[in-house]
Amino acid sequence: MTRKRDSSGFQRKYLKYTIALLLLALLLSSVGVWIYVRSSTTEAVIDKYKYVTERMGLSLENLYRKSDEVTAECIVNSSVQDSLKREPLDELAKSALSGYFSYTGMEHAADYCYVDNKDNIYTRFYSTVSYSDFIKSGFVKHMGEEYSRTKWFWAEDTLFGTGKDALFIGRYVRSMEYAHEPGMLFFKMDDSFLEQGVKEEKSISEGCAAGIIDGTGQECTLWLPEDYELPKETVQSIRKLAGEGTAGMIRNGERMRGGVLSAYRQADSGLVVFTFVPDEVLNGGMDQILLVLAGIYLMVVAVAFGLSLYFSRRFTRPIQIINEAMTGFDGRDFDRTIELHTNTELDQIGQSYNKMLGNIERLLAEMKEQEKELHTSELNMLISQINPHFLYNTLDTIYMLARINKEETTMRMIQALSKYLRLSLSKGRDIVTIEDELENVKSYMEIQQIRNASLFQYEIDCQVEPAQTWILKLILQPLAENAVKYGFQDIFEGGLIQIRVYKEEGYLMLSVCNNGKPIEAEMAERLNALAGMPAARMKEVFPDKKQGYGVVNIVTRLRLKYGDEAGIWYQALEEGTACVIRVPEERTGKDEE
């Protein structure tokens, strides 16, 4: 039992491969878009936080410059300069000087301490800081050897006794009138001092970590996003910034594990402000982009699937029709043609199928006709072979009677006919020698000469070994018959038939020429066209079997025996007609061997 094929198999394959190619294209494009957008977005975020870091650094610059101006004003203050003179200040002046530092304009100053060159301490009125406390604090070592410069340093509050780390601003206070040991002024800044300079930029940098470290790498202040902690490796990298660079941007969006680091160093204070942008922030916008891409791709896939389904049905339906017509053809029903109107190559396939059906139907009809003719031919052959010895004996008896009666013409006629019949039968063989073939055509022409006295003469020129060269039998006789029948139909005497057998370029050539009426051009063209026609179409050229039928028979037999290498052609001469036959020399006689 034959299993019915699934007519939708082609459609499923088409959809499968189409969707696979589409998904591959979308995957590759999404990767490309992801890389490009991620690179562009990351670059934009990095540039943003580099800008924020630089703004924070410039804010530190402004804070330092303002603190330097304030401490410079303190130095030139008359009360401060008086405290550096040889004569000590009275208690009222000391009290006034202590109160002066509260109004210097140093915002966010949590406390202050001024030590003149005579070891006097000036602080807030409620402060209990003594000179020994000042010495023990060790703040002197932070001032260094520079003559007069505002110094920022981050240290533990051992001066005012809070014990907490804080930012201190100090400066030497020298007399402008004479050389003497300088005094020292210190301001302790509260936590909001550093924040005020970077507050605006810090609000811009939401989501990133930002902070300030001093020249030793100690953390001064740090702002972290909620539920975020800097990786240890990042902390170590940030601390190393303290000893690097001189001033300005010392890190411009440097990539490191977990994020991107930017840093600005304030040269005078030695403080470094930094921002660290985590990968989560860098890639934060990509989530929305991916959602948008996913939505677009889903829409593209849905539309592509719908279009593919539509077009696959449109194009697979004709294929299904062709498949059903071909698989359902039983070899008998030739009316099941295909009608397609797709404006594609499928229409040509349908037309070719319909044409093929017509050809098969015609070939079957021709085969039936040929079978019928074959049966008739076989029957005739059987009849012609019935007791040939009886025919020969009868002819011999007639020959003897004609001889007794001395009828020479009858004797010649019977003898020629006997030879002709003997050679025509050839014991059932298809291949005969050139000698036998020429003997056969001689017998035929002698019979015709007896019937048509003085009508024609014949000449035979054989340039090959007649007993060693073989040819398909009964080839020359039909040509000689045509020469007599058609070539000499308008004459009564003086006709000539020339038969020539020779070799040319490896082929055996046989020619029959007559000096009678030249063949008509149309007839020559029709006869010569037989060489390139299929056997089934040859009989259509001469359907009435009155003219050309003998030549059709010759061409058919030659082609069956020698294939396309055999040839025959007619040519009209100035006086008469020539017919030439060509067969392969190397194949002659093989059937007899």
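A cavity here is a set of grid points where a 1.4 Å probe fits but cannot get out, and its lining residues have an atom within 4 Å of a point. Keep that in mind as you explore this predicted model.

**Stop one: the enclosed space.** Searching the whole structure turns up two cavities of 30 Å³ or more. Head for the second largest, with a volume of about 30 Å³. To see its walls, select Leu63, Lys66, Met106, Glu107, Phe193 and Gln196. Colour them by character, and you will find three nonpolar, one polar and two charged residues in this lining. Now show helix H1 (9-76) and helix H6 (192-204) as cartoons: each of them supplies at least two residues of the lining.

**Stop two: helix H13.** Next, select residues 434-451, the 18 residues of H13. From its first C-alpha to its last, H13 reaches 26 Å, close to the 26 Å expected at 1.5 Å a residue. Which residues of H13 are buried? Show side chains for Ile434, Glu437, Leu438, Asn440, Val441, Ser443, Tyr444, Met445, Ile447, Gln448, Gln449 and Ile450, which are the buried ones. As you look along the axis, remember that an α-helix has 3.6 residues a turn, so residues three or four places apart point the same way.

**Last stop: the whole protein.** Zoom out and colour by secondary structure to bring up 17 helices and 17 strands. Of the 593 residues in the protein, 40% are buried. Switch on the surface: about 34,600 Å² is exposed, and carbon and sulfur atoms supply 53% of that area. Finally, turn to contacts with a separation of 6 or more: residues 24 or more positions apart account for 63% of them.

Note on methods
Residues numbered from 1 in each chain as written. Predicted model: local features only at pLDDT ≥ 70, side-chain atom pairs only at ≥ 80, totals over all residues. Heavy atoms only, no water. 1 Å grid on protein atoms, 1.4 Å probe; cavity = no way out; pocket = protein on both sides within 12 Å on 5 of 7 lines; lining within 4 Å. Points joined across faces, edges and corners; volume = space filled by probe spheres on them. Helix = DSSP H or I, 4+ residues; strand = E, 2+ residues; numbered from the N terminus. Nonpolar A, V, L, I, M, F, W, Y, C, P; charged D, E, K, R; others polar. Buried < 20%, exposed > 50% of the residue type's maximum accessible area, 1.4 Å probe, protein only. Contact = heavy atoms within 4.5 Å. Areas by Shrake-Rupley, 256 points an atom, 1.4 Å probe, with all protein chains shown as cover. Expected span 1.5 Å × (residues − 1).
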